[in-house]
Amino acid sequence: MLTIPAAMVDAIVSHARADHPDEACGIIAGPAGSDTPTRVIPMTNAERSPTFYRFDSLEQLKLYRELDERDEEVVVVYHSHTATEAYPSRTDIAYAGEPQAHYVLVSTREPATHEFRSYRIVDGVVTEEDVEISRSTAS
Amino acid sequence: MSVTVSVPTILRPQTKGEKSVTATGTTLAEVITDLDAQYAGLGDRLVKEGALHRFVNIYVNDEDVRFTGGLETSLADGDQVTILPAVAGGSGVTG
């Protein structure tokens, strides 16, 4: 299960809406080993595409070094699908390279409503998990 | 020519859990050959059909090797090689 504060869900959905119809992408970092999302970090989609995303490679290097220095890790990898459901595509599964992460997909295909779903993707196997949105700001 | 190689989480099962390993070589291709000799199977995760695998990014110091000659990128003693998973995907649906 992914437990995530409502403000972070709002931040990800806003990012996805802002970049629509291109796919938006980013991560949520958290203390290493904690499985607790604490910092939303929007990333540049170097592909600027409605059907594909890829983190800008140098921005990613800078981010991963910063996470290392802060003893943090990638807790969530998120991206949007802008014309299809919030379910991992074959491309998503092929690339999934963070076995410890929750893979969040947001679909912005409907203008007024969004889908926000979370998955584990390990060794090519997709497992959907529950998302618990916490309203409290206390940790 | 000895370099330090930073290994991402997903490849640590190949390096017995090590986050940072050392390897030798004057080019990235030679370093990967040496890594594969030390850690069987690691080479296949980095190179496919003679080219850098699309699922990984490899950096020498602060440069993405895709922009510095790929597998032929030359290395100096003490260089820092960083391997990261390419974070990518997408619906792939066109039209």
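This is a short dialogue about reading a predicted model with chains A and B.

User: Where should I start with the two chains, and how many residues are in contact between chain A and chain B?

Analyst: Start with the interface. In this predicted model, 26 residues of chain A are in contact with 18 residues of chain B. On the chain A side, β4 (53-54), α2 (57-69), β5 (72-81) and α3 (90-95) each supply at least two residues. The largest share, 5 residues, comes from α2(A).

User: What is the make-up of that side of chain A by class?

Analyst: The side of chain A that touches chain B has 10 nonpolar, 11 polar and 5 charged residues.

User: Which strands pair across the two chains, and in what sense?

Analyst: Look for bridges that link a strand of one chain to a strand of the other. Here β4(A) pairs with β8(B), residues 88-89, in the antiparallel sense over 2 bridges. To find the place by eye, go to R54(A), whose bridge partner in β8(B) is A88(B).

User: Let's turn to α2(A). Why does its length agree with what a helix should span?

Analyst: Compare the expected span with the distance between the ends. At 1.5 Å a residue, the 13 residues of α2(A) should span 18 Å, and the end C-alpha atoms are 19 Å apart, which agrees. Just after α2(A) comes D71(A), with a positive phi near 55°.

User: Which residues of α2(A) are buried, and which are exposed?

Analyst: Count the neighbours around each residue: 20 or more other C-beta atoms within 10 Å makes a residue buried, and 12 or fewer makes it exposed. S57(A), Q60(A), L63(A) and Y64(A) are buried in α2(A). These four lie on the same side of α2(A), because they cover an arc of only 115° around the axis. On the face turned away from that buried side you will find the exposed residues K62(A), E66(A) and E69(A).

User: What covers the buried residues of α2(A)?

Analyst: Both chains take part. The cover includes β3 (39-43) of chain A, together with β5 (56-60), β6 (63-64) and β7 (80-85) of chain B. In fact, α2(A) lies across β5, β6 and β7 of chain B, and runs at about 105° to β7(B).

User: How do I read the sheet in chain B, and what is its strand order?

Analyst: Read a sheet from one edge to the other. This one is an open sheet of 5 strands with mixed pairing, in the order β2-β1-β7-β5-β6. At the edges stand β2 (20-24) and β6 of chain B, each with a single partner strand, so one side of each has no neighbour in the sheet. Further in, β1(B), residues 2-6, pairs with β7(B) in the parallel sense over 3 bridges. A handy landmark is V5(B), which stands opposite V81(B) in β7(B).

User: Where does α1(B) lie, and which of its residues are buried?

Analyst: Helix α1(B), residues 28-38, lies across β1, β2, β5 and β7 of chain B, running at about 115° to β2(B). Its buried residues are L28(B), V31(B), I32(B), D34(B) and L35(B). They sit on the same side of α1(B), because their arc around the axis is only 160°. They pack against β1, β2, α2 (42-46), β3 (47-48), β5 and β7 of chain B.

User: One last spot: is A40(B) buried or exposed?

Analyst: A40(B) is in the loop between α1 and α2 of chain B. It counts as exposed because it has 9 C-beta neighbours inside 10 Å. Sequence distance and space can be compared here too: A40(B) and Q14(B) are 26 residues apart in sequence and 7.3 Å apart in space, C-alpha to C-alpha.

Definitions and conventions:
Residues are numbered from 1 along each chain as its sequence is written. Chains are lettered from A and ligands numbered from 1 in the order in which they are written. This is a predicted model: local features need pLDDT of at least 70, side-chain atom pairs count only at pLDDT 80 or more; totals for chains, interfaces and linings use all residues. Two residues are in contact if their C-beta atoms, placed from the backbone, lie within 7 Å. Ala, Val, Leu, Ile, Met, Phe, Trp, Tyr, Cys and Pro count as nonpolar, Asp, Glu, Lys and Arg as charged, and the others, Gly among them, as polar. Two strands pair if DSSP finds at least two bridges between them. The expected span of a helix is 1.5 Å times one less than its number of residues. The arc is that of the directions from the helix axis to the C-beta atoms. Axes are lines fitted to C-alpha atoms, for helices over the stretch in contact, and angles run from 0 to 180 degrees between N-to-C directions.
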